[in-house]
Each structure stands twice: as C-alpha cells, then as structure tokens.
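Please brief me on this protein chain. I am a first-year student, and I would like short points grouped by topic.

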Amino acid sequence: MIGSKKNNLFWICLFLLPSLIGFLLFIIYPVFYSLGVSFTDWDLINPMKFVGLKNYQNLLHDPKFWNSLKNTFLFILGYLPSVMIIGLMVALLLNSKLKMKAVFRGIYFLPVVTSWVAVSLVWKWLFNPKFGLINYFLSLLSVQGPNWLNDPKTAMLAIIITSVWKDIGFIMVLYLGGLQNISPSLYEAADIDGADHWHQFWKITLPMLKPTTFFVSMISLINSFQVFDQVNIMTEGGSGEATTVLVQNIYNSAFKYSEMGYAAAMSWVLFLIILVVSIGQMWGERRMTR
C-alpha cells in the first residue's frame, strides 16, 4: 500500500514537472529578477548599476508617479461601482422569465472575449468629436458633444465608459451563477408572506449574493489597478496626463525612457498596493460573514 502511494506520488510529480519548470522560469524567476532590477539603474544597454533604495526614494518626490496613482484611483472610483451595479442589473434581467435569454447572454458576453485592441479602436471612433456616433446622437438632442479623448475633463470618463461596456458580460456571468444558486423556496416563502419584488431583492437576493459580490469586487478591483490596454490605445495617457494611470507610467518609464530600474520599482509599489487591498478585502469579508 505504501509502495503504491509512493509510486502514485512519483507519477504525479513527473507529470507536474513540465508545468512546474515553466512556472519557475517564466513567473517566479522574472518576479524576483524584477525585484533585483528595482535596486539598480539600468537602461537595457549599459551594465546595471546598483543604487539601493534610490528608485523608491525618487518615487516619493515624483509628481508623475503621484498623478498616475491619482488617475488610477479615479478610474477605480468610476469603474468599480458602475460595472458591478450594471452587471447585477443585467444578470437579474437575464435570470428572469425572458424570451431568448441564451441569445441575450451571448450578446452581452461577446465584448468580454473581444480583443481590447478591437474594442478600444471602435470606441475611439465612437468618441471622435466630428465623426463619432456619440456626439452625433447628442447633436440630435441639441447638445454640443465634447472632445472626449482630448479634453482632460472627459478623457477619463470615456475610458471608464469603454471599460464598463466591455466587462459587463463578465460580471453578469458571475452574478448569474450566484443568482441560480439561490433556492426558489426562499422566494416562494416570501410570496406567501406578502413580500413584493423590491423587498425580496433587499432581504433575499442581495444577502444571498454576498459571497459572489465579494468575489466580483476583488477580481474587478485587482483588474482596475492594472488598467492599461484601453488607455494606451485610446489616449496613450495623454490629455494633459489626465489618463496616465500607474501601469501606463510604468510602461513609459521602461520602454520610452529606458528607465528599467525605476519602472521595476513602480511595479513593486503597484504589487504592494494590490496586496494590501486584497488582504483588506479578505479581512472585511471574514468579518461580515461571521
């Protein structure tokens, strides 16, 4: 029996070995290598020069870093509640007795599997001040549409709208899973007691969706901190740096200015922010589920 277990363990380790080697080479090693790079001055051409904590000290006095951090939090403030509320509303609608539910679910999920490049280019055209459909429809209402992506006042709003539109389907699917796990007997009992749909939503649906909501908020928040593709394609962090988020700043430092050590330091600051936020969310979930 013991020999059989050892033999099984051997084969398990043997089959896992290729994945483990790939994990170590392409994930673990680069992570710790970037930590070492963050203590150096390196431009990809000249040899690395150890500078200790200088890159981290420079971050504290860099207005571009603080501006990109502020823009990241502004994006999260607009994106996170919007995508969660709209995603839940769509999930509630598509969980009801609606004809062609499967078709609508596919339509709403289609943007999720669409490339960010394609989505960003389409929305960049939609936000075009002269030829875009958004300003055209606003003109039908006698409203002068703004120069969305080139105006610092509206550029971040345009990024948020695009991001929410693309991610609604993903949030919808998660909430649909949570809704379908709620026992119908709870709603039947509420109907017998005379509770209307509004009270059923607040007293049954939302409390039962609490684990799903925590999961959705955590995934969405982590993704929000790493927002980059749509910003890089639609504005390149421009509009007076109104859309320069933290990952865009890291990208610029590394590949435009060849400041690899400084970019690595910013990456580790971003990692620590995400780590602290994730721990805080898990701690809050445990307190609320007790």
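The points below cover helix packing, buried polar residues, unusual backbone angles and distances along the chain.

The model is predicted. Helix α7 is a good place to start, since the briefing follows its packing against α10 and against α3. Two buried side chains come next, those of Ser220 and Gln248. Leu44 and Met100 then supply two positive phi values. Two pairs of residues, separated along the chain, close the list.

**Helix α7 against α10**

- Helix α7 covers residues 155–180, and helix α10 covers residues 210–225.
- Their axes come within 10 Å and cross at roughly 160°.
- Angles over 145 degrees count as roughly antiparallel, so α7 is roughly antiparallel to α10.
- The crossing of these two helices is right-handed.
- On the α7 side, the contact is made by Phe170, Ile171, Leu174, Tyr175 and Gly178.
- On the α10 side, the partners are Thr212, Thr213, Phe215, Val216, Ile219 and Ser220.
- By class, this contact holds seven nonpolar residues, four polar residues and no charged residues.

**Helix α3 against α7**

- Helix α3 runs over residues 63–94.
- α3 packs against α7 at an angle of about 40°, and the two axes are 6 Å apart.
- An angle of 35 to 65 degrees falls outside the parallel and perpendicular classes, so α3 is oblique to α7.
- The crossing of α3 past α7 is right-handed.
- The residues of this contact divide into 21 nonpolar, five polar and one charged.

**Ser220: a buried residue in α10**

- Ser220 sits in helix α10, and it belongs to the residues of α10 that meet α7.
- Is Ser220 buried or exposed? Its relative accessibility is 2%. Buried means under 20%, so Ser220 counts as buried.
- The Ser220 side chain reaches the backbone oxygen of Val216 at 2.8 Å. Val216 is also among the α10 residues that meet α7.
- Setting aside residues up to four places away in sequence, Ser220 touches Tyr79, Leu80 and Ile171.
- Ile171 is one of the α7 residues in the contact with α10.

**Gln248: a buried residue in α12**

- Gln248 lies in helix α12, which spans residues 246–256.
- Its relative accessibility is 0%. That value is under 20%, so Gln248 counts as buried.
- What does the side chain of Gln248 make a polar contact with? The partner is the side chain of Asn232, at 3.3 Å.
- Leaving aside neighbours within four places in sequence, Gln248 is in contact with Phe228, Val231, Asn232, Glu236 and Gly237.

**Positive phi in the loops**

- Leu44 has a positive phi of about 75°, although Leu44 is not a glycine.
- Where is Leu44 placed? Leu44 is in the loop between β1 (40–41) and β2 (49–50).
- Leu44 has a relative accessible area of 46%. Partly exposed covers values between 20% and 50%, so Leu44 is partly exposed.
- Met100 also is a residue other than glycine with a positive phi, near 60°.
- Met100 is in the loop between α3 (63–94) and α4 (101–109).
- The relative accessible area of Met100 is 56%. Exposed means over 50%, so Met100 is exposed.

**Distances along the chain and in space**

- Leu17 is placed in helix α1, residues 2–37. Leu17 counts as partly exposed, at 39% relative accessibility.
- Leu17 and Val119 are 102 residues apart along the chain. Their C-alpha atoms are separated by 38 Å.
- Leu93 is found in helix α3. Leu93 is partly exposed, with a relative accessible area of 47%.
- Leu93 and Asp196 are 103 residues apart in sequence. From C-alpha to C-alpha, Leu93 and Asp196 are 17 Å apart in space.

How values were computed
Residues are numbered from 1 along each chain as its sequence is written. This is a predicted model: local features need pLDDT of at least 70, side-chain atom pairs count only at pLDDT 80 or more; totals for chains, interfaces and linings use all residues. Side-chain values use heavy atoms; hydrogens and water are left out. Helices (H or I, at least four residues) and strands (E, at least two) are DSSP runs, numbered from the N terminus. Buried means under 20% relative accessible area, exposed over 50%, partly exposed in between (1.4 Å probe, protein chains only). A polar contact is a pair of N or O atoms within 3.5 Å; within protein, one must be able to donate a hydrogen and the other to accept it, and residues adjacent in sequence count only if both atoms are side-chain atoms. Contact means heavy atoms within 4.5 Å. Axes are lines fitted to C-alpha atoms, for helices over the stretch in contact, and angles run from 0 to 180 degrees between N-to-C directions. Angles under 35 degrees count as roughly parallel, over 145 as roughly antiparallel, 65 to 115 as roughly perpendicular and the rest as oblique. A crossing is left-handed if the near helix is turned anticlockwise from the far one by less than a right angle, and right-handed if clockwise. Ala, Val, Leu, Ile, Met, Phe, Trp, Tyr, Cys and Pro count as nonpolar, Asp, Glu, Lys and Arg as charged, and the others, Gly among them, as polar.
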